[in-house]
Every structure is written in structure tokens, then in C-alpha cells.
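Below are some short remarks on the model, set out as numbered points. Please read them alongside the coordinates.

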Amino acid sequence: MFTRSQLEIKTLNELRDLCRKYGIKPTGNPGYKVSYITSLMAFPELAIKQTKEARGLKRPSWDKLQVMGECLDEMGTPTDEQSALIKATMEGKKLPYPNRFDQEMLLAIYKAKLHLEQVIDLLHQ
């Protein structure tokens with residue numbers, strides 16, 4: 001990400017700002033540029049290593065992905081009438097109460113289904 005030469009030409013304040021920007025703590029004494037340079041050069045490799053070791057943020061297990069897929073299957077596909085109401089709702093058309101609550105719930109379920117599909121696609125990469 002950063003080369004040593006890119007970082008060495010920066011001032012102590014610029015290095016401090018870079019560390020703050022990425023949420024990285026300096027290694028050792030924060031009064032020395034080398035403390036910031038070391039941290040800025042090391043964090044990408046450390047992050048990848050931690051991911052491979054399943055520490056911190058990690059991919060869900062195959063079982064959990066399968067459960068998400070089952071949830072998606074259980075949600076089904078909208079009927080033609082439901083699709084039409086979803087489109088009308090997205091255009092801002094509203095039903096009178098109390099049906100508006102059900103209309104909003106249908107849209108929420110549809111959006112959740114779309115997001116779940118995106119999640120599964122992202123995690124299969």
C-alpha cells in the first residue's frame with residue numbers, strides 16, 4: 001500500500017494524520033516517525049493474515065450460508081399482483097390505512113430479499 005520512501009518524505013504530523021485516518025496506532029514511541037512508518041507499512045499484511053486465521057471479521061461458515069439460502073427460498077417470489085404493488089409503492093403510491101401497514105411490510109420483505117440475495121452473492125466470491 002505504502003512504500004517506505006513514500007512515507008519517509010512525510011512529516012511527523014502527516015504520518016500521524018495518516019494513522020488517524022486508518023485507525024492505526026504507532027508502534028513504539030509516537031515521537032518518532034519510524035513508529036508511524038512501521039505501523040503504516042505493516043497493517044495491510046497483518047489484516048490479511050488475521051483474515052486467513054479467521055480472527056476478527058471473517059466469512060460465515062458453509063452451514064450459515066446454507067441457512068441464509070434456505071431463508072431466501074422460504075421468502076419465495078412475489079406474485080404478479082405483489083410485484084405490481086411493490087412497483088407502485090416504489091413510485092410513492094400509498095394505500096389508505098390500515099392496508100398501508102401491509103403495503104409497507106410487503107416492500108420491506110422485498111427489500112430484505114434483495115439484500116439477502118446480494119449478501120449471498122458477495123459471500124460466494
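1. Contact here means heavy atoms within 4.5 Å. In this predicted model, residues 24 or more positions apart make up 44% of the contacts in the protein that have a separation of 6 or more.

2. The secondary structure consists of 6 helices and 0 strands. Along the sequence the pattern reads α-α-α-α-α-α.

3. On overall dimensions, the radius of gyration is 24 Å, whereas a compact globule of 125 residues would have one near 14 Å. Along the principal axes, the C-alpha atoms fill a box of roughly 65 × 35 × 20 Å.

4. Of the 125 residues, 18% count as buried. The accessible surface comes to about 9600 Å², and carbon and sulfur atoms contribute 58% of that area.

5. The protein carries 19 positive and 16 negative charges, and the mean positions of the two sets are 12 Å apart.

6. The count of aromatic pairs is 3. In one of them, Phe 2 and Tyr 22, the ring centres are 6.1 Å apart and the planes meet at 65 degrees, so the pair is edge-to-face; planes over 60 degrees apart count as such. Phe 2 sits in the segment before α1 (4–8) and Tyr 22 in helix α2 (residues 12–22), so this pair ties together parts that are 20 residues apart in sequence.

7. Is Tyr 22 buried, exposed or partly exposed? Its relative accessibility is 37%, so Tyr 22 counts as partly exposed, the class between under 20% and over 50%. Together with Phe 2 and Phe 43, Tyr 22 forms one aromatic cluster.

Methods:
Residues are numbered from 1 along each chain as its sequence is written. This is a predicted model: local features need pLDDT of at least 70, side-chain atom pairs count only at pLDDT 80 or more; totals for chains, interfaces and linings use all residues. Side-chain values use heavy atoms; hydrogens and water are left out. Helices (H or I, at least four residues) and strands (E, at least two) are DSSP runs, numbered from the N terminus. The radius of gyration is taken over C-alpha atoms; the globule rule is 2.2 Å times the number of residues to the power 0.38. Buried means under 20% relative accessible area, exposed over 50%, partly exposed in between (1.4 Å probe, protein chains only). Accessible areas come from the Shrake-Rupley method with a 1.4 Å probe; for residues, only the protein chains shown count as cover. Lys and Arg count as positive and Asp and Glu as negative; His and the chain ends are not counted. The place of a charge is taken as NZ of Lys, CZ of Arg, CG of Asp or CD of Glu. Rings of Phe, Tyr and Trp (its six-membered ring) pair if their centres lie within 6.5 Å; planes under 30 degrees apart count as stacked, over 60 as edge-to-face and the rest as tilted.
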